[in-house]
Amino acid sequence: MTKEERLKKRHSAEKRFRFYGLASIFVALLFVLILVHNIFSKGSSAFMKTAINVEVFFDQELLEIKNGATEDQILEADFYDITIESLLKVFPAQDLDQENQLIDLFTTDAEIEIKRAFLENNNLIGKKINLEITASDDIDQLHKGNYPRDLPEDRRRISDFQLIIYDNLVENKKIIKNFNNYFFKNGDSRDPELAGIGGALIGSFYSIIICLLLAFPVAVLASIYLEEFAPKNKITDFIEININNLAAVPSIVYGLLALQILLATIQLPRSTPLVAGITLALMTLPRIIIPCRASLKAVPPSIREGALAVGASKFQSVFHHVVPLALPGTLSGTIIGLAQALGETAPLILIGMVAFVVDIPSTPIDPSSSLPVQVYLWSESAERGFVEKTSATIMMLLSFLIVMNFLAVYLRQKFEKRWN
Amino acid sequence: MNNVKIKSKNLNVYYGEKQALFDVNLDLNEKEVTALIGPSGCGKSTFIRCINRMNDVIDICKVSGNIEIDGVEINDKNLDVVSLRERVGMVFQKPNPFPKSIYDNISYGPKIHGKGETKSELDEIVENSLKKAALWEEVKDRLDEPGTGLSGGQQQRLCIARAISVNPEVILMDEPCSALDPIATAKIEELIDELKKTYTIVIVTHSMAQAVRVSQKTGFFHLGKLIEVGKTEKIFKNPDNKMTQDYITGRFG
């Protein structure tokens with residue numbers, strides 16, 4: 001082979017490699033784009049909800065309370081009759097069946113929404129006001145264009161009569177799109193229009209805080225001891241190997257462990273953020289220890305020697321010099337560990353967080369859901385409304401993860417800067 | 001001739017199975033500069049790291065024999081290494097300032113030893129140490145800037161100032177100029193000349209010329225043994241040992 005031929009071959013090999021590299025990046029980006037597009041196109045509509053403008057007359061005869069009623073009295077009172085009365089006025093119905101179809105256009109919580117309006121202003125007796133009553137899931141999906149209306153009636157959840165009312169409402173501009181506060185405020189519900197991630201958010205928050213409080217100090221102290229103080233012998237080698245092994249153990253195994261020890265033996269309450277936090281802490285511990293030790297190792301030995309040489313004790317050289325320098329790396333490792341824990345589903349399903357929980361947990365020992373488990377739960381539901389809610393929850397989860405990873409990268413970059 | 005400050009008797013050092021020093025008997029005089037020369041890996045650094053017990057940091061390192069400072073044995077298990085290192089400061093091959101401000105670099109030692117209770121006392125220690133290290137004029141206006149931002153030569157003088165700050169009796173220097181350019185080296189050598197009035201200095205160096213310039217006494221190490229020790233003039237003009245002769249004339253090493 002001549003020199004020219006070899007040169008040509010080398011150049012083409014380089015070009016080929018460049019092409020393969022670029023192609024791989026392109027394919028990877030394409031997958032990410034498809035994923036993001038899929039989630040956004042399905043999920044973004046969940047942040048809006050459809051409501052119907054209804055004129056409500058607070059009729060003294062139908063209500064048993066007076067103007068200026070106390071909160072307790074209002075909560076006790078029955079608003080069912082005026083709710084039905086108000087909803088039926090939206091469109092003329094011919095018979096009982098049509099009346100039922102009309103009422104089905106609204107959320108099952110219509111009565112509560114009217115009561116809430118009265119709670120805000122207890123002077124409404126005898127007055128007429130316009131309220132935006134949340135529409136049912138079917139109307140919501142229809143209005144968002146997610147529901148095919150050209151199917152034959154017997155294969156639709158919305159009847160022809162309901163479609164007539166809907167078209168009438170659209171024509172009269174009685175249908176509105178609002179910011180969906182229920183999605184953030186409410187707990188889970190059987191009705192998609194009422195279901196929200198409020199409970200899951202709080203549950204995830206408690207779980208992660210407990211995980212952080214348990215895992216961070218233990219991981220940091222273990223790393224400092226292993227890296228700086230422990231003698232290098234077979235026992236520490238064995239511990240090191242096992243920490244690496246534990247980090248690779250599938251998370252569901254931690255779920256089984258928690259099920260046996262925390263729930264069956266210690267009898268902690270099921271489905272609670274407390275148990276979730278402890279389980280996630282067990283799982284996250286080795287995943288924090290590894291980056292912690294790496295960042296301690298990255299502090300040059302000359303810093304330790306410099307401190308020792310001016311007469312600092314081993315303890316002082318570690319805590320005055322090494323640990324502060326390793327701290328940003330330690331924190332970024334911790335955040336990444338927590339981000340993994342935040343997205344963890346399998347162990348939480350095993351400890352019962354998959355239960356259907358409507359109430360928002362007020363303490364870490366109340367039954368609760370968590371964001372990834374909520375995704376899992378809703379992805380199994382048949383109603384169309386849950387499809388967009390699943391994607392919207394994934395969007396929330398991803399945005400938390402992005403924020404956390406961004407923070408970790410920021411801290412690490414700050415760490416690198418300090419060497420120059 | 002000055003008094004003997006540090007005395008090593010039958011000093012043996014092992015790194016695991018490997019013996020690094022063989023029966024070293026060496027006397028170092030007070031307020032004098034002793035240079036240790038010899039090819040790489042001959043045990044010079046190992047020897048000076050015995051004087052402030054820096055070898056303790058290395059797990060596999062075992063030291064036997066005696067080192068006395070002012071007649072007191074320092075190879076004693078019960079001896080507090082912290083107070084030993086307060087008396088015996090060290091400057092390393094590569095400048096290793098703490099990634100903190102210049103001020104904090106100097107004030108750290110006095111602070112942990114309880115010297116300089118008040119801010120003004122600390123200020124004074126920092127100023128004096130930097131003056132003694134001939135760095136004060138260059139950095140007095142930027143004491144709060146990071147020590148790592150200084151040039152290599154300045155960093156090394158900062159490390160010398162850091163060693164001086166706890167007011168030691170002995171300063172060990174492990175090839176302090178090997179990472180520096182000739183101008184910075186000249187400044188450090190000038191400084192060593194000044195410091196020997198107050199401190200006992202031991203310097204490990206690979207530069208014969210430096211040993212001649214700064215030291216009064218020179219020891220030649222080879223393969224872990226102290227081959228020859230004597231007045232610097234004698235070692236370089238008229239050594240007793242053939243190996244010393246060969247090394248200083250550049251025939252091996």
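The bend of a helix at a residue is taken as the angle between axes fitted to the seven residues ending there and the seven starting there. In this predicted model, helix 9 of chain A, residues 198-229, bends by about 25° at A:A215. A proline, A:P217, follows that position within four residues. The end C-alpha atoms of helix 9 of chain A are 45 Å apart, which agrees with the 46 Å that its 32 residues should span at 1.5 Å a residue.

Helix 9 of chain A packs against helix 14 of chain A at an angle of about 140°, and the two axes are 10 Å apart. The angle makes helix 9 of chain A oblique to helix 14 of chain A, because angles over 145 degrees would be needed to count as roughly antiparallel. The crossing of these two helices is right-handed. On the helix 9 side, the residues that meet helix 14 of chain A include A:S204, A:F216 and A:E228. Their counterparts in helix 14 of chain A include A:V318, A:T330 and A:L342. By class, the residues of this contact comprise twelve nonpolar, three polar and one charged.

Helix 14 of chain A, residues 314-342, also takes part in the contact between chains. There, 17 residues of chain A are in contact with 21 residues of chain B. Two elements of chain A, helix 13 (301-309) and helix 14, give two or more residues to the side that touches chain B. Helix 13 of chain A provides the largest share of that side, six residues. The chain A residues that touch chain B divide into eight nonpolar, six polar and three charged.

Definitions and conventions: Residues are numbered from 1 along each chain as its sequence is written. Chains are lettered from A and ligands numbered from 1 in the order in which they are written. This is a predicted model: local features need pLDDT of at least 70, side-chain atom pairs count only at pLDDT 80 or more; totals for chains, interfaces and linings use all residues. Two residues are in contact if their C-beta atoms, placed from the backbone, lie within 7 Å. Ala, Val, Leu, Ile, Met, Phe, Trp, Tyr, Cys and Pro count as nonpolar, Asp, Glu, Lys and Arg as charged, and the others, Gly among them, as polar. Axes are lines fitted to C-alpha atoms, for helices over the stretch in contact, and angles run from 0 to 180 degrees between N-to-C directions. Angles under 35 degrees count as roughly parallel, over 145 as roughly antiparallel, 65 to 115 as roughly perpendicular and the rest as oblique. A crossing is left-handed if the near helix is turned anticlockwise from the far one by less than a right angle, and right-handed if clockwise. The expected span of a helix is 1.5 Å times one less than its number of residues.
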